4 protein chains.
Amino acid sequence: MTTNNQIGSLIDRIEGLMLDKALIEEGIKEIYIEAKLNGFDTKTMKKVVAIRKQGVKKHQEERQMIDLYIKDLGMLADTPLGQSAIQRDTGVKF
Amino acid sequence: MTTNNQIGSLIDRIEGLMLDKALIEEGIKEIYIEAKLNGFDTKTMKKVVAIRKQGVKKHQEERQMIDLYIKDLGMLADTPLGQSAIQRDTGVKF
Amino acid sequence: MTTNNQIGSLIDRIEGLMLDKALIEEGIKEIYIEAKLNGFDTKTMKKVVAIRKQGVKKHQEERQMIDLYIKDLGMLADTPLGQSAIQRDTGVKF
Amino acid sequence: MTTNNQIGSLIDRIEGLMLDKALIEEGIKEIYIEAKLNGFDTKTMKKVVAIRKQGVKKHQEERQMIDLYIKDLGMLADTPLGQSAIQRDTGVKF
DNA sequence: GGTTTATCAGTTCCTC
DNA sequence: GAGGAACTGATAAACC
(Lines give C-alpha, C1' and ligand atoms only; values in the text may rest on other atoms or scores of the structure.)
Protein backbone atom coordinates (compact mmCIF):
# COMPACT_ATOMS: atom_id res chain seq x y z
CA MET A 1 0.00 0.00 0.00
CA THR A 2 1.24 3.45 -0.78
CA THR A 3 1.20 6.32 1.65
CA ASN A 4 0.78 8.93 -1.03
CA ASN A 5 -2.73 9.51 0.06
CA GLN A 6 -3.60 11.14 3.34
CA ILE A 7 -6.04 8.50 4.49
CA GLY A 8 -3.40 5.84 4.00
CA SER A 9 -0.94 7.75 6.08
CA LEU A 10 -3.42 8.23 8.90
CA ILE A 11 -4.40 4.60 8.97
CA ASP A 12 -0.78 3.52 8.87
CA ARG A 13 -0.08 5.56 11.95
CA ILE A 14 -3.14 4.23 13.73
CA GLU A 15 -2.21 0.65 12.97
CA GLY A 16 1.31 1.22 14.19
CA LEU A 17 0.06 2.46 17.53
CA MET A 18 -2.44 -0.37 17.74
CA LEU A 19 0.40 -2.81 17.33
CA ASP A 20 2.28 -1.18 20.19
CA LYS A 21 -0.86 -1.33 22.26
CA ALA A 22 -1.33 -5.01 21.54
CA LEU A 23 2.20 -5.75 22.70
CA ILE A 24 1.60 -3.96 25.97
CA GLU A 25 -1.66 -5.80 26.52
CA GLU A 26 0.26 -8.99 25.96
CA GLY A 27 2.70 -7.95 28.67
CA ILE A 28 -0.10 -7.24 31.10
CA LYS A 29 -1.65 -10.60 30.40
CA GLU A 30 1.63 -12.32 31.14
CA ILE A 31 1.89 -10.65 34.51
CA TYR A 32 -1.55 -11.94 35.42
CA ILE A 33 -0.50 -15.41 34.38
CA GLU A 34 2.55 -15.10 36.59
CA ALA A 35 0.37 -13.87 39.43
CA LYS A 36 -1.98 -16.80 39.07
CA LEU A 37 0.96 -19.20 39.13
CA ASN A 38 1.93 -17.62 42.44
CA GLY A 39 -1.46 -18.30 43.90
CA PHE A 40 -3.07 -14.90 43.55
CA ASP A 41 -6.63 -14.43 42.46
CA THR A 42 -6.46 -12.43 39.25
CA LYS A 43 -10.08 -11.39 39.32
CA THR A 44 -9.56 -9.72 42.66
CA MET A 45 -6.31 -8.20 41.43
CA LYS A 46 -8.08 -6.66 38.48
CA LYS A 47 -10.67 -5.14 40.76
CA VAL A 48 -7.95 -3.73 42.98
CA VAL A 49 -6.22 -2.17 40.01
CA ALA A 50 -9.52 -0.65 38.89
CA ILE A 51 -10.15 0.71 42.38
CA ARG A 52 -6.71 2.28 42.55
CA LYS A 53 -7.28 3.85 39.16
CA GLN A 54 -10.57 5.29 40.29
CA GLY A 55 -9.08 6.41 43.55
CA VAL A 56 -9.42 4.46 46.76
CA LYS A 57 -11.20 7.30 48.48
CA LYS A 58 -13.82 7.62 45.77
CA HIS A 59 -14.33 3.88 45.89
CA GLN A 60 -14.94 3.99 49.62
CA GLU A 61 -17.57 6.66 49.06
CA GLU A 62 -19.29 4.52 46.48
CA ARG A 63 -19.34 1.61 48.88
CA GLN A 64 -20.92 3.71 51.56
CA MET A 65 -23.63 4.83 49.16
CA ILE A 66 -24.32 1.26 48.17
CA ASP A 67 -24.42 0.11 51.76
CA LEU A 68 -26.79 2.90 52.62
CA TYR A 69 -29.24 1.84 49.91
CA ILE A 70 -28.86 -1.80 50.84
CA LYS A 71 -29.58 -0.95 54.44
CA ASP A 72 -32.76 0.87 53.41
CA LEU A 73 -33.82 -2.20 51.49
CA GLY A 74 -33.51 -4.39 54.53
CA MET A 75 -31.45 -6.65 52.34
CA LEU A 76 -29.41 -7.95 55.22
CA ALA A 77 -32.24 -10.39 55.78
CA ASP A 78 -30.86 -12.18 52.73
CA THR A 79 -27.66 -13.07 54.49
CA PRO A 80 -27.08 -15.28 57.54
CA LEU A 81 -24.98 -12.71 59.29
CA GLY A 82 -27.41 -10.03 58.31
CA GLN A 83 -30.30 -11.93 59.83
CA SER A 84 -28.62 -12.18 63.17
CA ALA A 85 -27.78 -8.52 63.12
CA ILE A 86 -31.36 -7.55 62.44
CA GLN A 87 -32.58 -10.04 64.99
CA ARG A 88 -30.29 -8.51 67.54
CA ASP A 89 -31.65 -5.07 66.78
CA THR A 90 -35.32 -5.90 66.59
CA GLY A 91 -35.86 -9.08 68.51
CA VAL A 92 -37.88 -10.39 65.60
CA LYS A 93 -37.10 -13.84 64.20
CA PHE A 94 -37.33 -14.26 60.41
CA MET B 1 -41.19 -9.72 3.43
CA THR B 2 -42.71 -13.17 3.03
CA THR B 3 -42.55 -15.85 5.65
CA ASN B 4 -42.60 -18.66 3.18
CA ASN B 5 -38.98 -19.40 3.82
CA GLN B 6 -37.61 -20.79 7.04
CA ILE B 7 -35.03 -18.10 7.60
CA GLY B 8 -37.69 -15.45 7.26
CA SER B 9 -39.83 -17.13 9.84
CA LEU B 10 -36.97 -17.42 12.29
CA ILE B 11 -35.99 -13.80 11.91
CA ASP B 12 -39.57 -12.68 12.24
CA ARG B 13 -39.81 -14.46 15.55
CA ILE B 14 -36.53 -13.02 16.75
CA GLU B 15 -37.55 -9.51 15.83
CA GLY B 16 -40.86 -9.93 17.59
CA LEU B 17 -39.13 -10.88 20.81
CA MET B 18 -36.62 -8.10 20.39
CA LEU B 19 -39.47 -5.65 20.18
CA ASP B 20 -40.91 -6.98 23.41
CA LYS B 21 -37.50 -6.70 24.97
CA ALA B 22 -37.10 -3.10 23.85
CA LEU B 23 -40.43 -2.19 25.43
CA ILE B 24 -39.36 -3.68 28.74
CA GLU B 25 -36.04 -1.85 28.60
CA GLU B 26 -38.00 1.30 28.01
CA GLY B 27 -40.01 0.57 31.14
CA ILE B 28 -36.88 0.05 33.20
CA LYS B 29 -35.43 3.28 31.93
CA GLU B 30 -38.57 5.14 32.97
CA ILE B 31 -38.34 3.81 36.48
CA TYR B 32 -34.80 5.09 36.75
CA ILE B 33 -35.97 8.48 35.53
CA GLU B 34 -38.67 8.44 38.18
CA ALA B 35 -36.10 7.45 40.78
CA LYS B 36 -33.81 10.28 39.78
CA LEU B 37 -36.68 12.75 40.02
CA ASN B 38 -37.21 11.52 43.57
CA GLY B 39 -33.64 12.26 44.46
CA PHE B 40 -32.13 8.80 44.24
CA ASP B 41 -28.77 8.15 42.69
CA THR B 42 -29.41 5.86 39.76
CA LYS B 43 -25.82 4.76 39.42
CA THR B 44 -25.87 3.43 42.97
CA MET B 45 -29.26 1.84 42.35
CA LYS B 46 -27.91 -0.01 39.35
CA LYS B 47 -25.05 -1.33 41.42
CA VAL B 48 -27.43 -2.45 44.13
CA VAL B 49 -29.56 -4.28 41.59
CA ALA B 50 -26.45 -5.96 40.22
CA ILE B 51 -25.36 -6.96 43.71
CA ARG B 52 -28.74 -8.48 44.49
CA LYS B 53 -28.62 -10.39 41.24
CA GLN B 54 -25.19 -11.74 42.08
CA GLY B 55 -26.24 -12.48 45.64
CA VAL B 56 -25.46 -10.19 48.52
CA LYS B 57 -23.43 -12.83 50.30
CA LYS B 58 -21.21 -13.46 47.32
CA HIS B 59 -20.69 -9.77 46.95
CA GLN B 60 -19.57 -9.43 50.53
CA GLU B 61 -17.08 -12.22 50.04
CA GLU B 62 -15.68 -10.38 47.06
CA ARG B 63 -15.33 -7.26 49.09
CA GLN B 64 -13.41 -9.13 51.75
CA MET B 65 -11.00 -10.48 49.15
CA ILE B 66 -10.45 -7.03 47.72
CA ASP B 67 -9.88 -5.49 51.13
CA LEU B 68 -7.40 -8.22 51.95
CA TYR B 69 -5.36 -7.46 48.86
CA ILE B 70 -5.61 -3.74 49.45
CA LYS B 71 -4.42 -4.27 53.00
CA ASP B 72 -1.39 -6.17 51.73
CA LEU B 73 -0.62 -3.26 49.47
CA GLY B 74 -0.53 -0.93 52.42
CA MET B 75 -3.31 1.03 50.81
CA LEU B 76 -5.34 1.30 54.00
CA ALA B 77 -3.27 4.32 54.82
CA ASP B 78 -5.42 6.00 52.22
CA THR B 79 -8.63 5.20 54.03
CA PRO B 80 -8.38 6.10 57.72
CA LEU B 81 -12.01 5.50 58.60
CA GLY B 82 -12.78 2.73 56.22
CA GLN B 83 -16.03 0.86 56.59
CA SER B 84 -16.40 1.20 60.32
CA ALA B 85 -19.77 2.91 60.15
CA ILE B 86 -21.40 0.17 58.14
CA GLN B 87 -19.78 -2.44 60.29
CA ARG B 88 -21.24 -0.85 63.37
CA ASP B 89 -24.72 -0.91 61.87
CA THR B 90 -24.77 -4.38 60.50
CA GLY B 91 -22.23 -6.45 62.32
CA VAL B 92 -20.99 -7.54 58.92
CA LYS B 93 -17.34 -7.04 58.16
CA PHE B 94 -16.83 -5.86 54.60
CA MET C 1 -38.10 -7.16 52.20
CA THR C 2 -40.75 -4.58 52.84
CA THR C 3 -41.96 -2.14 50.26
CA ASN C 4 -42.72 0.53 52.79
CA ASN C 5 -39.81 2.53 51.55
CA GLN C 6 -39.74 4.17 48.18
CA ILE C 7 -36.39 2.80 47.14
CA GLY C 8 -37.59 -0.71 47.83
CA SER C 9 -40.63 -0.21 45.68
CA LEU C 10 -38.58 1.15 42.80
CA ILE C 11 -36.12 -1.69 42.92
CA ASP C 12 -38.90 -4.23 43.15
CA ARG C 13 -40.39 -2.88 39.97
CA ILE C 14 -37.03 -2.84 38.21
CA GLU C 15 -36.31 -6.40 39.19
CA GLY C 16 -39.70 -7.51 37.99
CA LEU C 17 -39.07 -6.04 34.57
CA MET C 18 -35.58 -7.49 34.50
CA LEU C 19 -37.04 -10.90 35.07
CA ASP C 20 -39.40 -10.43 32.14
CA LYS C 21 -36.48 -9.30 30.05
CA ALA C 22 -34.43 -12.33 30.98
CA LEU C 23 -37.25 -14.64 29.90
CA ILE C 24 -37.44 -12.95 26.53
CA GLU C 25 -33.69 -13.19 26.06
CA GLU C 26 -34.00 -16.86 26.82
CA GLY C 27 -36.60 -17.15 24.10
CA ILE C 28 -34.37 -15.42 21.58
CA LYS C 29 -31.51 -17.72 22.47
CA GLU C 30 -33.71 -20.73 21.87
CA ILE C 31 -34.62 -19.53 18.41
CA TYR C 32 -30.95 -19.22 17.53
CA ILE C 33 -30.38 -22.75 18.77
CA GLU C 34 -33.24 -23.93 16.60
CA ALA C 35 -31.77 -22.03 13.65
CA LYS C 36 -28.39 -23.62 14.16
CA LEU C 37 -29.99 -27.07 14.26
CA ASN C 38 -31.53 -26.25 10.90
CA GLY C 39 -28.17 -25.45 9.42
CA PHE C 40 -28.23 -21.67 9.56
CA ASP C 41 -25.24 -19.63 10.58
CA THR C 42 -26.29 -17.72 13.67
CA LYS C 43 -23.50 -15.20 13.45
CA THR C 44 -24.70 -14.12 10.03
CA MET C 45 -28.28 -14.11 11.25
CA LYS C 46 -27.38 -11.76 14.08
CA LYS C 47 -25.72 -9.41 11.65
CA VAL C 48 -28.77 -9.49 9.38
CA VAL C 49 -31.02 -8.67 12.32
CA ALA C 50 -28.75 -5.79 13.25
CA ILE C 51 -28.76 -4.51 9.67
CA ARG C 52 -32.55 -4.62 9.49
CA LYS C 53 -32.74 -2.76 12.79
CA GLN C 54 -30.43 -0.07 11.48
CA GLY C 55 -32.24 0.05 8.18
CA VAL C 56 -31.01 -1.75 5.10
CA LYS C 57 -30.63 1.45 3.15
CA LYS C 58 -28.45 3.06 5.77
CA HIS C 59 -26.35 -0.05 5.88
CA GLN C 60 -25.78 0.09 2.14
CA GLU C 61 -24.61 3.66 2.47
CA GLU C 62 -22.15 2.64 5.17
CA ARG C 63 -20.80 -0.08 2.97
CA GLN C 64 -20.25 2.34 0.15
CA MET C 65 -18.35 4.67 2.45
CA ILE C 66 -16.17 1.82 3.66
CA ASP C 67 -15.51 0.61 0.14
CA LEU C 68 -14.58 4.09 -0.90
CA TYR C 69 -11.98 4.38 1.84
CA ILE C 70 -10.70 0.90 1.14
CA LYS C 71 -10.39 1.76 -2.51
CA ASP C 72 -8.31 4.83 -1.63
CA LEU C 73 -6.04 2.64 0.45
CA GLY C 74 -5.35 0.35 -2.46
CA MET C 75 -6.32 -2.47 -0.16
CA LEU C 76 -7.67 -4.59 -2.93
CA ALA C 77 -4.10 -5.70 -3.49
CA ASP C 78 -4.58 -7.73 -0.34
CA THR C 79 -7.12 -9.97 -1.98
CA PRO C 80 -6.72 -12.35 -4.90
CA LEU C 81 -9.71 -11.00 -6.72
CA GLY C 82 -8.64 -7.50 -5.93
CA GLN C 83 -5.25 -8.08 -7.49
CA SER C 84 -6.75 -9.11 -10.77
CA ALA C 85 -9.03 -6.11 -10.73
CA ILE C 86 -6.14 -3.73 -10.23
CA GLN C 87 -4.11 -5.56 -12.79
CA ARG C 88 -6.89 -5.15 -15.26
CA ASP C 89 -7.03 -1.43 -14.57
CA THR C 90 -3.33 -0.68 -14.52
CA GLY C 91 -1.64 -3.38 -16.49
CA VAL C 92 0.85 -3.76 -13.64
CA LYS C 93 1.54 -7.23 -12.26
CA PHE C 94 1.98 -7.53 -8.48
CA MET D 1 3.16 1.76 49.05
CA THR D 2 6.02 -0.65 49.56
CA THR D 3 7.13 -3.17 47.01
CA ASN D 4 8.41 -5.57 49.61
CA ASN D 5 5.48 -7.82 49.05
CA GLN D 6 4.93 -9.83 45.91
CA ILE D 7 1.44 -8.57 45.23
CA GLY D 8 2.67 -5.01 45.39
CA SER D 9 5.38 -5.72 42.88
CA LEU D 10 2.98 -7.38 40.48
CA ILE D 11 0.48 -4.56 40.66
CA ASP D 12 3.22 -1.98 40.22
CA ARG D 13 4.29 -3.65 37.02
CA ILE D 14 0.71 -3.88 35.77
CA GLU D 15 0.05 -0.24 36.48
CA GLY D 16 3.23 0.76 34.70
CA LEU D 17 2.13 -1.04 31.56
CA MET D 18 -1.36 0.36 31.86
CA LEU D 19 0.11 3.83 31.87
CA ASP D 20 2.01 3.09 28.67
CA LYS D 21 -1.15 1.74 27.18
CA ALA D 22 -3.10 4.86 28.11
CA LEU D 23 -0.51 7.04 26.40
CA ILE D 24 -0.81 5.05 23.22
CA GLU D 25 -4.58 5.23 23.30
CA GLU D 26 -4.21 8.95 23.68
CA GLY D 27 -2.06 9.00 20.56
CA ILE D 28 -4.62 7.04 18.58
CA LYS D 29 -7.34 9.41 19.68
CA GLU D 30 -5.31 12.36 18.48
CA ILE D 31 -4.90 10.85 15.06
CA TYR D 32 -8.65 10.45 14.75
CA ILE D 33 -9.07 14.07 15.76
CA GLU D 34 -6.58 15.07 13.10
CA ALA D 35 -8.43 12.92 10.57
CA LYS D 36 -11.73 14.53 11.44
CA LEU D 37 -10.19 17.98 11.01
CA ASN D 38 -9.16 16.90 7.53
CA GLY D 39 -12.68 15.95 6.65
CA PHE D 40 -12.53 12.20 7.09
CA ASP D 41 -15.32 10.23 8.71
CA THR D 42 -13.81 8.60 11.76
CA LYS D 43 -16.56 6.05 12.16
CA THR D 44 -15.84 4.71 8.71
CA MET D 45 -12.12 4.81 9.41
CA LYS D 46 -12.57 2.70 12.51
CA LYS D 47 -14.52 0.15 10.53
CA VAL D 48 -11.82 0.06 7.89
CA VAL D 49 -9.17 -0.53 10.53
CA ALA D 50 -11.26 -3.34 11.99
CA ILE D 51 -11.73 -4.89 8.56
CA ARG D 52 -8.01 -4.80 7.84
CA LYS D 53 -7.34 -6.40 11.20
CA GLN D 54 -9.79 -9.17 10.46
CA GLY D 55 -8.49 -9.57 6.93
CA VAL D 56 -10.16 -8.03 3.93
CA LYS D 57 -10.80 -11.39 2.34
CA LYS D 58 -12.56 -12.75 5.37
CA HIS D 59 -14.64 -9.62 5.53
CA GLN D 60 -15.77 -10.03 1.96
CA GLU D 61 -16.81 -13.60 2.67
CA GLU D 62 -18.89 -12.35 5.58
CA ARG D 63 -20.54 -9.83 3.34
CA GLN D 64 -21.44 -12.50 0.85
CA MET D 65 -23.03 -14.61 3.56
CA ILE D 66 -25.04 -11.66 4.80
CA ASP D 67 -26.19 -10.75 1.31
CA LEU D 68 -27.24 -14.32 0.72
CA TYR D 69 -29.44 -14.33 3.79
CA ILE D 70 -30.82 -10.92 2.97
CA LYS D 71 -31.64 -12.12 -0.52
CA ASP D 72 -33.54 -15.08 0.92
CA LEU D 73 -35.51 -12.66 3.04
CA GLY D 74 -36.59 -10.78 -0.04
CA MET D 75 -34.98 -7.72 1.43
CA LEU D 76 -33.31 -6.72 -1.81
CA ALA D 77 -36.56 -5.02 -2.72
CA ASP D 78 -35.42 -2.42 -0.20
CA THR D 79 -32.20 -1.74 -2.09
CA PRO D 80 -32.84 -1.15 -5.80
CA LEU D 81 -29.30 -0.23 -6.73
CA GLY D 82 -27.49 -2.45 -4.32
CA GLN D 83 -23.71 -2.72 -4.57
CA SER D 84 -23.44 -2.38 -8.30
CA ALA D 85 -21.07 0.58 -8.19
CA ILE D 86 -18.50 -1.16 -6.03
CA GLN D 87 -18.85 -4.31 -8.06
CA ARG D 88 -18.10 -2.41 -11.21
CA ASP D 89 -14.90 -0.99 -9.72
CA THR D 90 -13.47 -4.08 -8.18
CA GLY D 91 -14.90 -7.07 -9.89
CA VAL D 92 -15.70 -8.39 -6.46
CA LYS D 93 -19.27 -9.38 -5.79
CA PHE D 94 -20.31 -8.35 -2.30
C1' DG E 1 -16.53 -29.84 23.54
C1' DG E 2 -19.47 -27.05 25.39
C1' DT E 3 -20.87 -23.88 28.60
C1' DT E 4 -19.97 -20.08 31.29
C1' DT E 5 -17.16 -16.20 32.04
C1' DA E 6 -14.35 -12.21 30.87
C1' DT E 7 -12.61 -8.79 27.83
C1' DC E 8 -13.43 -5.91 24.00
C1' DA E 9 -15.57 -2.92 20.73
C1' DG E 10 -19.65 -0.41 19.52
C1' DT E 11 -23.58 2.19 20.65
C1' DT E 12 -26.16 5.20 23.38
C1' DC E 13 -26.96 8.30 26.80
C1' DC E 14 -26.07 12.18 29.57
C1' DT E 15 -23.51 16.20 30.73
C1' DC E 16 -21.35 20.43 29.78
C1' DG F 1 -23.35 19.46 19.73
C1' DA F 2 -19.19 17.54 21.27
C1' DG F 3 -17.10 14.91 24.71
C1' DG F 4 -17.03 11.48 27.97
C1' DA F 5 -19.21 7.79 30.71
C1' DA F 6 -22.17 3.80 30.91
C1' DC F 7 -24.41 -0.12 28.95
C1' DT F 8 -25.11 -3.62 25.57
C1' DG F 9 -23.79 -7.07 22.48
C1' DA F 10 -20.02 -10.02 20.45
C1' DT F 11 -15.85 -12.41 20.46
C1' DA F 12 -12.33 -14.95 22.87
C1' DA F 13 -10.87 -17.74 26.58
C1' DA F 14 -11.02 -20.67 30.53
C1' DC F 15 -12.89 -24.19 33.12
C1' DC F 16 -15.67 -28.40 33.55
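What follows is a short chat about a predicted model of protein chains with DNA strands.

User: Hi! Before we start, how are residues, chains and ligands labelled here?
Analyst: Residues are numbered from 1 along each chain as its sequence is written, while chains are lettered from A and ligands numbered from 1 in the order in which they are written. This is a predicted model, where local features need pLDDT of at least 70, side-chain atom pairs count only at pLDDT 80 or more, and totals for chains, interfaces and linings use all residues; side-chain values use heavy atoms, with hydrogens and water left out.

User: Thanks. How many helices and strands are in chain A?
Analyst: Chain A has four helices and zero strands, and from the N terminus on its elements run α-α-α-α. Helices (H or I, at least four residues) and strands (E, at least two) are DSSP runs, numbered from the N terminus.

User: And what share of chain A is buried?
Analyst: Buried residues are 36% of the 94 residues in chain A. Buried means under 20% relative accessible area, exposed over 50%, and partly exposed in between (1.4 Å probe, protein chains only).

User: What about the accessible surface of chain A?
Analyst: That surface is about 5600 Å², with 54% belonging to carbon and sulfur atoms. Accessible areas come from the Shrake-Rupley method with a 1.4 Å probe, and for residues only the protein chains shown count as cover.

User: On to the DNA. Which residues are around strand F?
Analyst: Around DNA strand F you find A:Lys36, B:Lys21, B:Lys43, B:Lys46, C:Lys21 and C:Lys43. Of the atoms of DNA strand F that come within 4 Å of the protein, 100% are sugar and phosphate. A residue is near a strand or molecule if one of its heavy atoms lies within 4 Å of it.

User: How far are those lysine side chains from a phosphate oxygen?
Analyst: From an N or O atom in the side chain to a phosphate oxygen of DNA strand F, the distance is 2.8 Å for A:Lys36, 2.7 Å for B:Lys21 and 3.3 Å for B:Lys43.

User: Which classes of residue make up the surface near strand F?
Analyst: There are six charged residues, no nonpolar and no polar ones. Ala, Val, Leu, Ile, Met, Phe, Trp, Tyr, Cys and Pro count as nonpolar, Asp, Glu, Lys and Arg as charged, and the others, Gly among them, as polar.

User: Which residues are around strand E, then?
Analyst: DNA strand E has A:Lys43, A:Lys46, B:Lys29, B:Lys36 and D:Lys47 around it. By class, the surface near DNA strand E has five charged residues, no nonpolar and no polar. An N or O atom in the side chain of B:Lys36 is 3.2 Å from a phosphate oxygen of DNA strand E.

User: Switching topic: how many residues does the contact take from chains A and D?
Analyst: It takes 26 residues from chain A and 26 residues from chain D. In chain A, A:Ile14, A:Ile24 and A:Ile31 lose the most area to chain D, together 20% of what that side buries. Contact means heavy atoms within 4.5 Å.

User: Last one: is B:Ile14 buried or exposed?
Analyst: B:Ile14 counts as buried because its relative accessibility is 0%. B:Ile14 is in helix α1 of chain B and touches C:Ile28, C:Ile31, C:Tyr32, C:Met45 and C:Val49, not counting residues up to four places away in sequence.

Methods
A polar contact is a pair of N or O atoms within 3.5 Å; within protein, one must be able to donate a hydrogen and the other to accept it, and residues adjacent in sequence count only if both atoms are side-chain atoms. Buried area is the accessible area (1.4 Å probe) that two parts lose on being put together, summed over both.
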